[in-house]
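Subject: Handing over a structure, with notes

Dear colleague,

I am passing on the structure below, together with some notes for a reader who has not met it before. Please look through it first and then read on.

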Amino acid sequence: MRNFWLSVFLTFGSLAAYATHNRAGEIIYRHIGGNTYEFTVFTYTKVDAPADRPTLPISWGDGSPMDTLERSDIFEFSGRNTQRNTYIEIHTFPGAGSYDICISDPNRNAGIININSGSSVVVEFAIRTTLRISAAIAPNSSIIFANIPLQDACLFQPWVHNPGAVDQD
């Protein structure tokens, strides 16, 4: 019987140690000059989860080594158990091309029914955007989302999110 309770404790204890917190995220970029861009990454995370990310790894998609973004700001949404984390970095690309910029974190919220049949905790959370640099087109900045990606959805009901995309260019 003691082995049974030890087994139960280890099973649920290990689930608690695999803390989950990511709820949503976005990457925006702004052209600064030449091949240089300022990137802002927002992640929306659960406040009371033990996992926290003061830094995030980022791939610039240009063959350079993985980089680390430092968190510059935290904003907590009152009554929502959610905070917005802001990470800002400037990066210069080597030249014309198409670049997939990506961050990933293993700590996705658990129990999301439409991701891996509810086993969402084992699916890595990732945000990706593509930047195209070309002499044939004017430098461009990404769209900005006016509406935050936090909304409540109902089970078994269609859910639509309008991010309120705004193109400043």
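The notes below go from the chain as a whole to its sheet, and then to one residue.

Please keep in mind throughout that this is a predicted model. The chain has 169 residues, of which 32% count as buried, and it contains 1 helix and 9 strands. Reading from the N terminus, the helix comes at the start of the order and the strands follow, as α-β-β-β-β-β-β-β-β-β. Among the contacts with a separation of 6 or more, 59% are between residues 24 or more positions apart. The chain exposes about 10,400 Å², and carbon and sulfur atoms supply 55% of that area.

Turning to the sheet, 7 strands form an open arrangement with antiparallel pairing, in the order β1-β2-β5-β4-β3-β6-β7. Its edges are β1, covering residues 22-33, and β7, covering residues 125-133, each of which pairs on one side only. From one strand to the next, the twist averages 25 degrees. As general background, the strands of a sheet pair through backbone hydrogen bonds, in either a parallel or an antiparallel way.

Several of the pairings can be followed in the model. Strand β4 (residues 67-77) and strand β5 (residues 82-92) run antiparallel and are joined by 6 bridges; here phenylalanine 75 has arginine 84, in β5, as its bridge partner. Strand β3 (residues 55-59) and strand β6 (residues 97-105) also run antiparallel, joined by 2 bridges, and in this case isoleucine 58 has isoleucine 103 of β6 as its bridge partner. On the way to the edge of the sheet, β6 is joined to β7 by 9 bridges, again with the strands running antiparallel, and isoleucine 101 stands opposite threonine 129 in β7.

The residue I would like to point out is histidine 91, which is found in strand β5. Is histidine 91 buried or exposed? Its relative accessibility is 11%, and because buried means under 20%, histidine 91 counts as buried. The side chain of histidine 91 makes a polar contact, at 3.4 Å, with the side chain of tryptophan 60. If neighbours within four places in sequence are left aside, the residues in contact with histidine 91 are Asn35, Thr36, Tyr37, Phe39, Trp60, Asp62 and Ser64, so that Trp60 appears in this list as well as in the polar contact.

With best wishes

Methods: Residues numbered from 1 in each chain as written. Predicted model: local features only at pLDDT ≥ 70, side-chain atom pairs only at ≥ 80, totals over all residues. Heavy atoms only, no water. Pairing = 2+ DSSP bridges. Helix = DSSP H or I, 4+ residues; strand = E, 2+ residues; numbered from the N terminus. Axes fitted to C-alpha atoms, helices over the stretch in contact; angles between N-to-C directions. Buried < 20%, exposed > 50% of the residue type's maximum accessible area, 1.4 Å probe, protein only. Polar contact = N/O pair within 3.5 Å; in protein donor to acceptor, adjacent residues only side chain to side chain. Contact = heavy atoms within 4.5 Å. Areas by Shrake-Rupley, 256 points an atom, 1.4 Å probe, with all protein chains shown as cover.
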